[in-house]
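The following exercises are to be worked through with the sequence and the model at hand. Each task is followed by a solution in steps.

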Amino acid sequence: MIDQRIVEKAETLAKMAPDDSVTAEVLAGREGRFSTTTPLAAPPVTYLQDTEAPAYVLTNKKRGIGLGSKRNTTSPTGERRTVILVTGRRTLCLVGGESDDEVIEIPHESVAKAAYSTGLRANRIALRTPRQQYHCWIHRKTTEALLDATTEFIEERQPEDPEPTDGDDASRVMYRGRPVNRDQLTGSSGESDSDRTVTYRGKPVEDS
């Protein structure tokens, strides 16, 4: 059963949002945008900071988030989904797990380029940072108008000279609800930053 305080916060944020892609049902974790399945282990609204509000909400089923290359993907577990919250501060990618969700945070100040593409099986928003590219897969039923508005919203908040976050990486990566520092990440030898498989404590971050 969802805490009433979570429901009330989700309802308030949905009313405040400039776009109807932000719904109380999705924020409270009751369902996805295009399904009645509980998308995440924890309600999406619980991942927002106290004064943070989503402007757009995007979802996908199994494709998850591509890290560096489209093939290097962190995907939801079982019947879980991926929920992407775009706020005034960041793009917050939440990949559903059975007991814990994986979180990838891409601050707007780290984004050098934002672009979207459409496809028969899925749509995609690509966010490029100085050292990485993130492929945010989007449900194929999402309209191009929403993809365009979301991309423009991110672009409007890009700095003229984006820099990697925390001096080393292009984003803040979290694993099992905890921040992952650069010195805890390793990559396969011989691979570029964009194609490597990122691991945390010996386990691929993209694994659910």
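The model is a predicted one.

**Exercise 1. Determine whether Tyr-56 and Phe-153 are buried or exposed, and classify the arrangement of their rings.**

Solution. Begin with accessibility: both Tyr-56 and Phe-153 are buried. Next, consider how such a pair is described: the distance of the centres and the angle of the planes are used. The structure holds 1 aromatic pair. In the pair of Tyr-56 and Phe-153, the ring centres are 5.5 Å apart and the planes stand at 75°, so the arrangement is edge-to-face. The cut-off for that class is an angle over 60 degrees. Finally, locate the partners: Tyr-56 belongs to strand E1 (residues 54-60) and Phe-153 to helix H3 (residues 144-155). The pair therefore links distant parts of the chain, 97 residues apart.

**Exercise 2. State which charged ends sit over the rings of Phe-153 and Trp-137.**

Solution. For Phe-153, the charged end is that of Arg-157, 3.6 Å from the ring centre. For Trp-137, the charged end is that of Arg-124, at 5.7 Å from the centre of the ring.

**Exercise 3. Explain why Cys-93 and Cys-136 are not joined by a bond.**

Solution. Find the cysteine sulfur closest to that of Cys-93: it is in Cys-136, at 4.0 Å. Then apply the cut-off: a disulfide needs sulfur atoms within 2.5 Å. The distance is therefore too far for a bond. Starting from Cys-136 leads back to Cys-93 as the closest cysteine sulfur. In agreement with this, the structure holds 0 disulfides. As for accessibility, Cys-93 is buried at a relative accessible area of 0%, and Cys-136 is buried at 2%.

**Exercise 4. Describe the place of Ser-21 and its polar surroundings.**

Solution. Ser-21 lies in the loop between helix H1 (4-16) and helix H2 (24-27). Its relative accessible area is 0%, which means that Ser-21 is buried, the limit being under 20%. The side chain of Ser-21 makes a polar contact of 2.7 Å with the side chain of Asp-19. In addition, a polar atom of the Ser-21 side chain lies 3.1 Å from the backbone nitrogen of Val-57.

**Exercise 5. Summarise the chain as a whole: how many helices and strands has it, and what share of its residues is buried?**

Solution. The chain has 3 helices and 14 strands. Of its 208 residues, 50% are buried. Among contacts between residues at least 6 apart in sequence, 56% join residues at least 24 apart. The chain exposes about 10200 Å², of which carbon and sulfur atoms supply 43%.

Terms used
Residues numbered from 1 in each chain as written. Predicted model: local features only at pLDDT ≥ 70, side-chain atom pairs only at ≥ 80, totals over all residues. Heavy atoms only, no water. Phe/Tyr/Trp six-rings, centres within 6.5 Å; stacked < 30°, edge-to-face > 60°. Helix = DSSP H or I, 4+ residues; strand = E, 2+ residues; numbered from the N terminus. Buried < 20%, exposed > 50% of the residue type's maximum accessible area, 1.4 Å probe, protein only. Lys NZ or Arg CZ within 6 Å of the ring centre and 35° of its normal. Contact = heavy atoms within 4.5 Å. Areas by Shrake-Rupley, 256 points an atom, 1.4 Å probe, with all protein chains shown as cover. Polar contact = N/O pair within 3.5 Å; in protein donor to acceptor, adjacent residues only side chain to side chain.
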